[in-house]
Every structure is written in C-alpha cells, then in structure tokens.
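Please keep the viewer open and follow the selections below in order. Each stop says what to select and what is there.

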Amino acid sequence: MYRKYFNMIAIALAIIATVVIVHNGCQQSKDLVSGDVAEKVYVKPGTYDDFYLFTSGGFSGHVGVYGLPSGRLFRVIPVFSQDPEKAWGYSEESKPMFITSHGFVPWDDAHHPELSQTDGVPDGRWLFINGNNTPRVARIDLSTFKTAEIIEIPNSAGNHGSPFITQNSEYIVASTRFSVPIPNKDVSLSSFKENFKGTLSFIKIAKDGAMNIEFQIIVPGFNYDLAHGGKGPSHGWAFFTSYNTEQANTLLEVNASQNDKDFVAAVNWKKAEEYIKQGKYKTFSSTYFNNRFDEKKHMGISEKRSDVKVLIPSECPGLIYYLPTPKSPHGVDVDPTGEYIAAGGKLAAVIPVHSFSKMMKAIENKEFDGEVDGIPVLKYESVMAGEVKNPGLGPLHTEFDGNGYAYTSSFISSEIVKWKIGTWEVVDRIPTYYSIGHLCIPGGDSRKPWGKYVVALNKITKDRYLPTGPELTQSAQLFDISGDKMKLLLDFPTIGEPHYAQAIPADILMKNSKKIFPIEENGNPYSTKAEKDARVERNGNIIHVYMSTIRTHFAPDNIEGIKVGDEVYFHVTNLEQDWDIPHGFAVKGANNSELLIMPGATETLKWLPMQEGVYPFYCTDFCSALHQEMQGYVRVSQKGSNVELAWGTGK
Amino acid sequence: MKTALLNFSAAYLLLLLLTFIGCGGDSNSDKNQSTNKNNTSGLPDWEFENGFGPIKKKLYLLPLDKVIAAEGEKIFESKCASCHKLDERYVGPAQRDVLKRVSPEFFMNMVLNPEENVEKHPHSKEMLAKYMQKMTNQNINLEDARKLLEYFRLLDSELPKK
C-alpha cells in the first residue's frame, strides 16, 4: 500500500525534476548577466565591502565571514568544530568550550546565524548560531570574531529551530526538531505518540551576553522546525513551525506528509514570564553545560548546570496557540511591521500569511477548531491574512526588503519569488542555480532591513563551477533588489553547506573591532608578561614552560632536562601589542595542533614526548623578515636520566 | 609617605604632559626651511632632530623623578625588554645610552610612532638596515612613553660624564 503510494510520489517528483531542469536550461541562457554587473560587485583593491555576511558553515560546524557585494571570504570562525589552524578545541584553554553532558563533542552541524538586536534592528554586538546535532547554541563576540560562549540545551534532540532572537535580545528561542521522551528514557520507538514530546526553549541573554536556559515549554511530539520572534505589535510573542503532526516515527517522507495542514505555534513569552513568576512551573532535573570563554583570562570555563523550569501548556492557559498552516511548513518569518507571519509550506501550493491582529481577535473571540494536548487550535480562516498564489514549488523561507515586498525561496523550482505584502501578488521571480534553501537580505528578518541585495544560499551547484571530483563547492548567489526586477550579480563559493546567513552594514561592526589584547590585562594564570619571567618549572612529571614570543624569538628557545613520560605544557604568551601580529607555535610530533596566539594573549599546548632525542619548535605564522629564525629546541632524555632542567635564550 | 610621593608624582607627570600637548604649532612655522647645517635629509629641522609623532614641541623637562623612572622601568621590562637589552645588542640596539644618541623628543616619538619613523626618518631607516627588524608598535600611550623617558633619563644621569 505504502509502496504504491511511494511510487506515485517518485513519478511525480521525476516529472517535476525534468520540468525544472528544462526550465532552468532555458532560463540560464536568457538570464545572462548584463553589462554593468561587474561594476556593482567590484570592490577596488584596498577598499572595503559595504556589508559583512555571516554564513552558517553547515556540517563544517563553523561560520563563514564574507564581504558584500564582492563575495570575498575574510574569515572562518570555528564554533562547534575543532579547528587545528586556530587551536580551537586543541589548546588547553579552548577545550572546555566543547564540553557537553555527552562529554567532549568536537563537531556539530551549524545552521542559523542570528545577529543580536536592539529595538528590532541588528546592533552588531553578537552573532548566535545553533548546533543541531548535540543541541547547543553559541554566541560569537563580533568585536573579536571569536566564539565567546556555548550553551547546551537540555530536553532537546536536533536543535534545528534556533537561535532566533526577540526584539531587544531578551531571549534566543530554540525548538527541538526531533521529539524524544522527556526526560530521555529507554522506550519502544513505536510508543512515539505516547512517550515522545517536543520542547520550545527560551534562552535568556544577559546584558553582557551570558546565556541561561530560562524556561522550556513541553509541546506535543511533532517535529519543530524553525522559528522567529515577533516585533513591534507582536513583540512578546514567538512563532515556531511544526511538521509531522501525524507523529510518524518511520518513513517520514511519506508518513509525515499526510495532513493538509500542520501548525505554527504562537507562544506568548511575556505570559510565560508571568507563569514563571507565579511559580506555575515544574522543575525537571537535567544536566547540561554552559561554557564561556573569559577574554581577560584567555581561557574557557565549563560549568555544569542542572534543573530547568518547565511550563506545561494545559496548565498555563493563554501561553500557546496553534495556527493551522499548509503543508509541512518550514520557515516562519515575521515582516518588518510585526503584523504578518509568513510560513513556507514545503509541500504547499500557496504561501499562507497569518495576521497577528486577526490572531489576537480570534483568541479573544475563541474562534477555535479543537485543541491538541490543551493547546487551542485557531481557525485557519480566522487568522489567515492572505495566500500568495503560484509561489513556485517548495516555498521555504521569506525575507523582507523594508519597502513592502517579501522574497521567498522556492527549493524545488529553484527560484526566488518576490511578492507584495498586502495584495499577496507575485511581482517578480528569478531562477537560482540550483535548489535554493535559505535566502538573506541584510537585516531581512528585522524591523529595518537594508534592502539592497538578496543572497541565495543554494544546495546544489552542478555545472556552475570547475569540477572538483564527486563533491562540488557549496555556493551562494548575489542579486540586486534595488529596482523593480531582481538582477543576478554574482556567484561565489561558500564553506560547508550554507543554511541561513545574516548580513549587517560594515560600519556598524568595523568601529568595534578589537586590534590587540592589552598585555597588562592578561589574567591567564600561566601568562609570561615579560621576557625576564620566561622559565621552565617541573612538578613531578608535569612540566610548565612559561614562554614569551615577540618578533622574532621565543624565550626560552633552548630547553633541556625534559624526559620521556613527562607531560609538557607550553604556555605561550604573545608579547606583541601590534595589530595583526599573531605568532604561531608548533613542536614536532605533537598529537594535537599548532597554537596561533593573538597579540597580548596566552595559549597552552599539551605535549607528550614519547622518545628521547631533540625536538625543534618554530613559529608557524610568517611574522617578520627573520621569521625563519624564530625557532628553538627541546632536548628529551630517557626516563631517569640526570640531565638537569635548563633553559635560556641567546646564551 | 609613599602614597604622598606617588600623588605628587602623578601631579608632576600631568604637569609634564601638559607642557607639551596642545600647542605644538611653532615647529611648523618654519616648515621646509632648514637652518641646521647637518640636516641634508630633506626633512624639516624639527622632524630631522625629533622624529615624526605626537611630540611636536620641545619638552620642558623638570628635574629627574625617580618614582616615575621606576614605573618606566617596569614598562620597559614588559613591553621593550624582549627586544632591547641595556648593554648588548639583542633584537634591537643596546639602549642604556639612547639619550646620548637621540633627543628626548625623538625617543618618545619613536616609541609612540615607530611605523612612520621607520618609513621616513634617515636615522630609523639606518637602524632598520642594520638590525633587519622593524621596531614594533607596542601600543604604548603618551603617559607610559613619558615614564619610559624618565627611566632613560635616570640611566643617562648615571652614565659617566664625558
């Protein structure tokens, strides 16, 4: 029975795919970029781009930093994945950032970058991003472009629907894609409907950016996919899409596509705060970790936390409502006015747009169509503002230009569809190459978008680039949206699989960019703040090397008296106080990585010498004309040898 | 007693700073006119003698203050000593007699603004050719540069007179 159904779907998809390929084939020749395009993306050598673009690194676990309109890659910020280039997850100081309730987890799947906001406008303080696999949210400090904090989310599995911010960065919201037993336990997978639940998490952001799991809401066991905070009139609410309201636990591609409508969950988080204040929560004991990188100590500190406050919707009337939404909705996007909530139904023939004011009226008039686990389901007609007809196949995500238009990505038909808010008419469409997922307009999910460009984040590149074996580059495309018609400007490759991206005007960030860490403020317990303090200390078989670097030598650069079986810690402090002068440190046979130490910082590499002999170390970052001279030796003697501990530079 | 001395030193330092920040116009009045016969560099006399940087006027130097000099010594240890020893060539030249070689104003300008001096000043260029290492900007502020100068004034005062 299922098999027959499956075959039908397969045939239908094949027809669609053929049409799409043929369609794209025609479009491509028609859509040749016009003559003045090079000028629009050309950023003269020595001049700056207008925008920073932060792309998720997908399965690389990193964040990519690009310039717009040039598409030039400036930096890869390691977040959830180890990066030996920057010793992220290899240096002793950064290892604590990877601690979870499952131990040291060196990788994750990063999906959605989200800029902090003030009054609904990106303010350039922080960038948040989710780790999907082992549920976490990270905060990147945009003055250093470095991961400053990672918090684990308890009672979650597949942290996909996050991290989306509220208007004044009060909260980051997160929803669990995979429903699981909460608390987790050993149950039969076929007991899904009985035992499996979802959670919506609210992560409080303190003034200094520190994150805390403030409360969670237990929701029916669907798949919660994406989210967005309300703004303006809808500030105080957050919206979450769900699919698999069928509650299937196998072959979801068929079994979770049965219902005509799934739900957008509308959560009144101000109401939630009241319930918390009144003590109407349960405390679930859950273990999770908060890891913060102390910029003064140049080290990560991992803190184990337990207990989280949980709200149960049936006990908290008015906390949450379901908005029926066709069909397996993916993105949920709130327009700049805060009135309209567009949902991209992967399998829907229209883009449904809900109205916040209609929703409030429907709640007041109790225009309900049943309930699920105590959550009232509002009538579709009562909350729907309009439907965008003919939006392309597989509409996923919508961003806004601030001039009354919305731009929706359509995955199956590989196009961006521009439509007018209010009339819901499609006014323009342009092909993307190929299979667009997310799209990004600078500030496009905020109250004040900078609606100059839209970036398409494509899943497949096929014939767009030089072939590189079975795996091809990931890619983005830049379109000019300043006129009535969208115009393709540029293709550029990206790292990982780009999911969402966000962009912000360069001048908001540039002025805050940190150039050095003042050496006087270095609070690392193993720092060497003056060359005269460089030394080697032995404590049993533990060796601490207090080492300083400056152009162009290490102190000490000759070390003797290390023995096989010793555990050696190289604590390297970069005494430079000049912009863009990091020093590297690498020692032969190290089982981890190099260090790359920023001016004024201290980093530590652990080294376990296995065999006697002489081991060179050297600076890996070309730092001056005498960089090739920046080297040293460690003499390793056999266990029990009487070679005295000795060190020095220049003697 | 020590606190009182420190307070006095702080006030003294402020006074020192006030004497050279703010005006600095008069050195520019005779720009491009050289009256110094030794100056064949093509630079104006002021820059030739005192380098490029925020110090644009002769310093009014009060008698040596050993408390400030001691603070300068600490700054030297943390920010300079990785490259400069007092009595031997290291990464850069030996420094004990630096004030015999350059003016106090040049000393401060070089500490505060090494990049421009290395690029433009014949003395700094000559040192670069000799040591093959550009002097680094150690992000030292005006106040700390003045403390460093006081340390080298102290060392200078201890040198045998000619």
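Two residues are in contact here if their C-beta atoms, placed from the backbone, lie within 7 Å. The model is predicted.

**Stop 1: A:D119**

Select A:D119, in the loop that joins β6 (114–118) and β7 (121–131) of chain A. Which residues is A:D119 in contact with, leaving aside its neighbours within four places in sequence? Add A:Q167 and A:N168 to the selection; these are the two contacts of A:D119 under that condition.

Is A:D119 buried or exposed? Neither label applies: a residue is buried if 20 or more other C-beta atoms lie within 10 Å of its own, and exposed if 12 or fewer do. A:D119 has 14 C-beta neighbours inside 10 Å, so A:D119 counts as partly exposed.

Now select A:S190 as well and draw a C-alpha to C-alpha distance to A:D119. The two residues are 71 positions apart in sequence, and the distance in space is 46 Å.

**Stop 2: the whole of chain A**

Zoom out to chain A, which has eight helices and 46 strands. Along the principal axes, the C-alpha trace of chain A spans about 85 × 65 × 50 Å. The radius of gyration of chain A is 27 Å, which agrees with the value near 26 Å for a compact globule of 651 residues.

Colour chain A by burial: 52% of its 651 residues count as buried. For a contact map of chain A, take the contacts with a separation of 6 or more; residues 24 or more positions apart account for 62% of them.

**Stop 3: where chain B touches chain A**

Show both chains and select the residues in contact across them. The selection holds 14 residues of chain B and 20 residues of chain A. On the chain B side, the residues that touch chain A divide into five nonpolar, seven polar and two charged.

**Stop 4: two helices of chain B**

Hide chain A and select helix α6 (residues 104–112) and helix α9 (residues 142–158) of chain B. Two packed helices are described by the angle between their axes and the distance between those axes. For this pair, the axes come within 10 Å and cross at roughly 135°. That angle makes α6(B) oblique to α9(B), and the crossing is right-handed.

Show side chains for the residues that make the contact:

- from α6(B): B:P104, B:F107, B:M108, B:V111 and B:L112
- from α9(B): B:L142, B:A145, B:R146, B:L148, B:L149 and B:F152

The residues of this contact divide into 10 nonpolar, no polar and one charged.

Definitions and conventions: Residues numbered from 1 in each chain as written. Chains lettered and ligands numbered in written order. Predicted model: local features only at pLDDT ≥ 70, side-chain atom pairs only at ≥ 80, totals over all residues. Nonpolar A, V, L, I, M, F, W, Y, C, P; charged D, E, K, R; others polar. Helix = DSSP H or I, 4+ residues; strand = E, 2+ residues; numbered from the N terminus. Rg over C-alpha atoms; globule rule 2.2 N^0.38 Å. Axes fitted to C-alpha atoms, helices over the stretch in contact; angles between N-to-C directions. Parallel < 35°, antiparallel > 145°, perpendicular 65-115°, else oblique. Left-handed = near helix turned anticlockwise from the far one by under 90°.
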